[in-house]
Amino acid sequence: MTSEQKRHVAFDWGGVFTVGTFDGRSTQNVADRSGVPVERVRDSYFRHVRQLEVGAWTLAQFWTVMQEEAGIPMPYGDFEELYLGSIADNAPMYATLAALPAGVRVGLLSNNYPVVSDHLRRDPRFARFHNPVFSNELGHKKPSPESFAALQAAMGVPAAQVAFVDDVQENIDAANAAGFHGILYHHDHHAAFEATLAEWLNG
C-alpha cells in the first residue's frame, strides 16, 4: 500500500464475482443430475444452508441431511464436484480486480461455505485479496455487525476509507451503517460500476 492511496475497496463474492446466484445454479444442477424436482431440492437446501454459512456443518454433513430429506440418490463425492462446478465466473469483475492499482488494498467479505471457500483461496486470482473474510470461518454472516467489524479488522484501515461492493441492498445498508461506502452492484451494469468505483478510489 502506498502512502498516497487513501481509498480502498472490498467485495462480496456471490453475485459480484459470479453471474447470478450460486445457490440457485447449484440446486438446479443437483435437480438436473438427480431427477429430483428442483422445488424439493431447494426446500431442503435453503432450510439448512445457514448451517454451512456459519460453519456449523461440514459440506458432507449438509449433503447427508439433504440426501435423506429430499431423497437425492447422489454420493457425496459427486455432489462436491457438482457444487464446485456450479460457480459461474463474472469475467468483467475479475478483469476489474486485476486492473486495480497496486496501492489499492482489496478486501473480500462473503457469506460462503466449507469446501467452496477453500476452493476459492486456491484460485490464483484470489491472491489479490487482502485477508479474505468468509462467514463459514468467522461464524457470522452478513448483514451482521460482526461481519463488517471483521472486514474492517482484516482490511487494517478505517471503514470510511473502504468502499464495499455487494449485490444485495440489505448488505449495502449494513455496510453503510458500519461506516463503509456501499456500492450496489449488478452485472448488467458493469461499465457504470467501474466508473463509480474509479470515482471513489480517485476521490
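**View 1. Helices α3 and α4 sit roughly perpendicular to each other.** This close-up, like the ones below, comes from a predicted model. The angle behind that label is roughly 110°, and anything from 65 to 115 degrees counts as roughly perpendicular. The axes of α3 (residues 59-70) and α4 come within 10 Å. On the α3 side, look for Leu59, Ala60 and Trp63, which meet Tyr76, Phe79, Glu80 and Tyr83 of α4. Sorted by class, this contact has six nonpolar residues, no polar ones and one charged residue.

**View 2. Helix α1 meets helix α4 at an oblique angle.** Here α1 (residues 22-34) and α4 (residues 76-84) cross at roughly 135°, with axes that come within 9 Å. That makes the pair oblique, because the angle falls neither over 145 degrees nor in the 65 to 115 range. As for handedness, α1 and α4 make a right-handed crossing. The α1 residues to pick out are Phe22, Ser26, Asn29, Val30 and Arg33, and they touch Phe79, Leu82 and Tyr83 of α4. This contact holds five nonpolar residues, two polar and one charged. If Phe79 and Tyr83 look familiar, that's because they also turn up in the list for α3 against α4.

**View 3. Helices α2 and α3 run roughly antiparallel.** The axes of α2 (residues 38-53) and α3 come within 10 Å and cross at roughly 150°. So α2 is roughly antiparallel to α3, since the angle is over 145 degrees. The crossing of these two is right-handed. From α2 come Arg40, Val41, Ser44, Tyr45, Arg47, His48, Val49 and Leu52, while α3 brings in Leu59, Phe62, Val65, Met66, Glu69 and Ala70. The tally for this contact is nine nonpolar, two polar and three charged residues. Leu59 is worth a second glance: α3 uses this residue against α2, and Leu59 also meets α4.

**View 4. Five strands form an open, parallel sheet.** Reading across, the order is β3-β2-β1-β4-β5. β3 (133-134) and β5 (181-184) are the edge strands, each with a single partner, so one side of each has no neighbour in the sheet. Strands in a sheet pair through backbone hydrogen bonds, either parallel or antiparallel. At the β5 end, β4 (residues 162-166) and β5 run parallel and are joined by four bridges. To find your place along this pair, look for Phe164, which stands opposite Gly182 of β5.

**View 5. Helices α8 and α9 lie across the strands.** Helix α8 (residues 145-155) lies across β1 (8-11), β2 (106-110), β3 and β4. Its angle to β2 is about 155°. Helix α9 (residues 169-177) lies across β4 and β5, and runs at about 165° to β5. Strand β4 is therefore a handy landmark here, because α8 and α9 both lie across β4.

**View 6. The loops hold a cis peptide bond and two positive phi values.** Start with the bond from Lys142 to Pro143, which is cis, with omega near 10°. Pro143 belongs to the loop between α7 (135-138) and α8. Now move to Val115: this residue isn't a glycine, yet has a positive phi of about 75°. Val115 sits in the loop between β2 and α6 (116-121). The other one to look at is Asn131, also not a glycine, with a positive phi near 50°. Asn131 is in the loop between α6 and β3.

**View 7. Two assigned domains meet through a set of contacting residues.** The domain assignment splits the protein into domain 1 (8-20 + 88-202) and domain 2 (22-85). Taken over C-alpha atoms, the domain centres are 25 Å apart. Where the domains meet, 15 residues of domain 1 are in contact with 17 residues of domain 2.

Terms used: Residues numbered from 1 in each chain as written. Predicted model: local features only at pLDDT ≥ 70, side-chain atom pairs only at ≥ 80, totals over all residues. Heavy atoms only, no water. Pairing = 2+ DSSP bridges. Contact = heavy atoms within 4.5 Å. Axes fitted to C-alpha atoms, helices over the stretch in contact; angles between N-to-C directions. Parallel < 35°, antiparallel > 145°, perpendicular 65-115°, else oblique. Left-handed = near helix turned anticlockwise from the far one by under 90°. Nonpolar A, V, L, I, M, F, W, Y, C, P; charged D, E, K, R; others polar. Domains from an automatic or database assignment.
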